[in-house]
Amino acid sequence: MSHRSDSRHGSINPGRRRFLQATGATGVLAAAGAVTGSHLLYSSSVRAQPSNARIVIVGAGAAGISLASRLARELDGARITIVDPREEHYYQPGLTLVATGAWDAERVIDRNARYIPRGVDWVRSAVVEYDPDNDRVVTDGGDTLEYDYLLVATGLQVNFDAIEGMEPGLIGQEGIACVYDNPDHAGRSWRMIREFTDSGGIGLFTRAPGAIKCAGAPLKVTMLSEHRLRRQGNRNAAELHYFQPGDSLFSQPDMDEFLKRHFPDERDINVNWQHQLKAIEPGARQAVFSTDNGERTVDYDFIHVVPPMSAPDPVRNSELAWADGPFAGWLEVDRHTMQHRRYPNVFGVGDVVGTPIGKTAASVKAQVPVAVDNLLAVMQEREPAASYNGYTSCPLITEQGRGILVEFDYDLKMVPSFDFIDPYKEQWVPWVMKDRMLHAAYNAMLRGRI
């Protein structure tokens, strides 16, 4: 990328200079780490705490492996067990780039065996039952694992069957795309997006109600598809519609206001409020929406389907879940300490937890140190003191080469990591971070280095 010179001084813009200086060798991790909830590389001079505790971590995604890495370093003698049948590890923040043609699918696929720390046991099974009253979990292989402390980091469940007529095998056929769940879905979605943007037609982009993984993903897929239509010279041949089940596009108010102007006024994307995708008829290429005025059927040439999401069934149906309220079915934790509100030897991290915001990798990065510090405090019979403020980050990519770095907390206030990046304007830096830096920071997070 070429750099524009300052006409008065004949040098690189000071903001760009500071960013480029920050992204040297270890600076890449430090700068990207700032966007995942930490301004410093992790270092510890504290001697590992002796322990013979049995610690079970359910889930070998970003949250589970990060927890294991930190606990393996902090504890000497503890038996740490990860329970997860998955051999492959997916870099899920990259799925939107795969689905829109910026990355190949291979770039987001790795192996869990590369990251699970030495000395940590790995049970390649799924937990099908939680029994917190007796401090044990049961696997699909029929094994019972007893624990002294439990960390739930399962991620969430994508409920394709909540949309009548929809199932994962349809992705990549009949104009149907869905960025969620795995690289295969993203790769098949790219075929549909490429076909649509090469020819035009009617494109529908949906958003499920309730909490979803990376709530910015449906918006990013929409904007990147619109940008590709422009690059292909086919924008006038396409009609784009975004279907929102509520009355806002983004939880952070400033970004919501921006997008409510940006979609219709600058991108000619028609926003349909209070529309929830209820059913899909692939052969007829029709989508059925529930609205305040009854059902509405819409024809399409392309549709990006975002199914409703929930905690995995074993969590949702267990005593660990919120019984009612806005987070019903999600893991019940204190939103600041990440400790379960009724079972003090249980903690949760990542997409599975019932908190107001935060189903992103950046939130995982901020939550994991809090959960670990508070678990260690409980093990030492101290009150948990570490606190998570709800930090989350979304590099809201508006087109290839540009984006907005959105960082905010539970109060929905902007909490920018860099003083020279305007959190209210499209710029090149968020794209560079998303495309080149954050994957390296993610890998460092898995190993407990940031």
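The paragraphs below go through some strands, a helix and the empty spaces of a predicted model.

Strands come first. Strands of a sheet pair through backbone hydrogen bonds, and the pairing is either parallel or antiparallel. Strand β10 (residues 127-131) pairs with strand β11 (residues 136-139) in the antiparallel sense, over 4 bridges. One place to look is E129, whose bridge partner in β11 is V138. β10 and β11 form a hairpin with 4 residues between them. In that turn, D135 has a positive phi of about 55°.

β11 also pairs with strand β12 (residues 144-146), again in the antiparallel sense, over 3 bridges. Here R136 stands opposite E146 in β12. The hairpin of β11 and β12 has 4 residues between the strands, and G142 takes a positive phi near 90°.

Further along the chain, 3 strands form an open sheet in the order β19-β20-β21, with antiparallel pairing. β19 (276-281) and β21 (294-299) stand at the edges with a single partner strand each, so one side of each is left without a neighbour in the sheet. From one strand to the next, the twist averages 25°. Strand β20 (residues 286-291) and β21 pair over 6 bridges. Among the paired residues is Q286, whose bridge partner in β21 is D299.

Next comes a helix, α9, covering residues 361-379. Do its ends lie as far apart as expected, and what is the distance between the end C-alpha atoms? At 1.5 Å a residue, the 19 residues should span 27 Å, and the end C-alpha atoms are 27 Å apart, which agrees. α9 nevertheless bends by about 25° at Q367, and a proline, P369, follows within four residues. The helix is mostly covered, with 16 of its 19 residues buried. After α9 comes E381, whose phi is positive, near 60°.

Empty space is the last topic. Rolling a probe the size of a water molecule over the atoms shows where such space is left. The structure holds 1 cavity of 30 Å³ or more. The largest cavity has a volume of about 40 Å³. Its lining includes I163, T206, R207, Q276 and V306.

There are pockets as well. The second largest pocket has a volume of about 640 Å³. It is lined by 32 residues, of which R207, A215, S251, P356 and I357 are the closest to its centre. Which strand gives the most to this lining? Strand β25 (residues 392-399) does, with 3 residues.

Technical notes:
Residues numbered from 1 in each chain as written. Predicted model: local features only at pLDDT ≥ 70, side-chain atom pairs only at ≥ 80, totals over all residues. Heavy atoms only, no water. Helix = DSSP H or I, 4+ residues; strand = E, 2+ residues; numbered from the N terminus. Expected span 1.5 Å × (residues − 1). Bend = angle between axes of the 7 residues up to and from the residue. Buried < 20%, exposed > 50% of the residue type's maximum accessible area, 1.4 Å probe, protein only. Pairing = 2+ DSSP bridges. Axes fitted to C-alpha atoms, helices over the stretch in contact; angles between N-to-C directions. 1 Å grid on protein atoms, 1.4 Å probe; cavity = no way out; pocket = protein on both sides within 12 Å on 5 of 7 lines; lining within 4 Å. Points joined across faces, edges and corners; volume = space filled by probe spheres on them.
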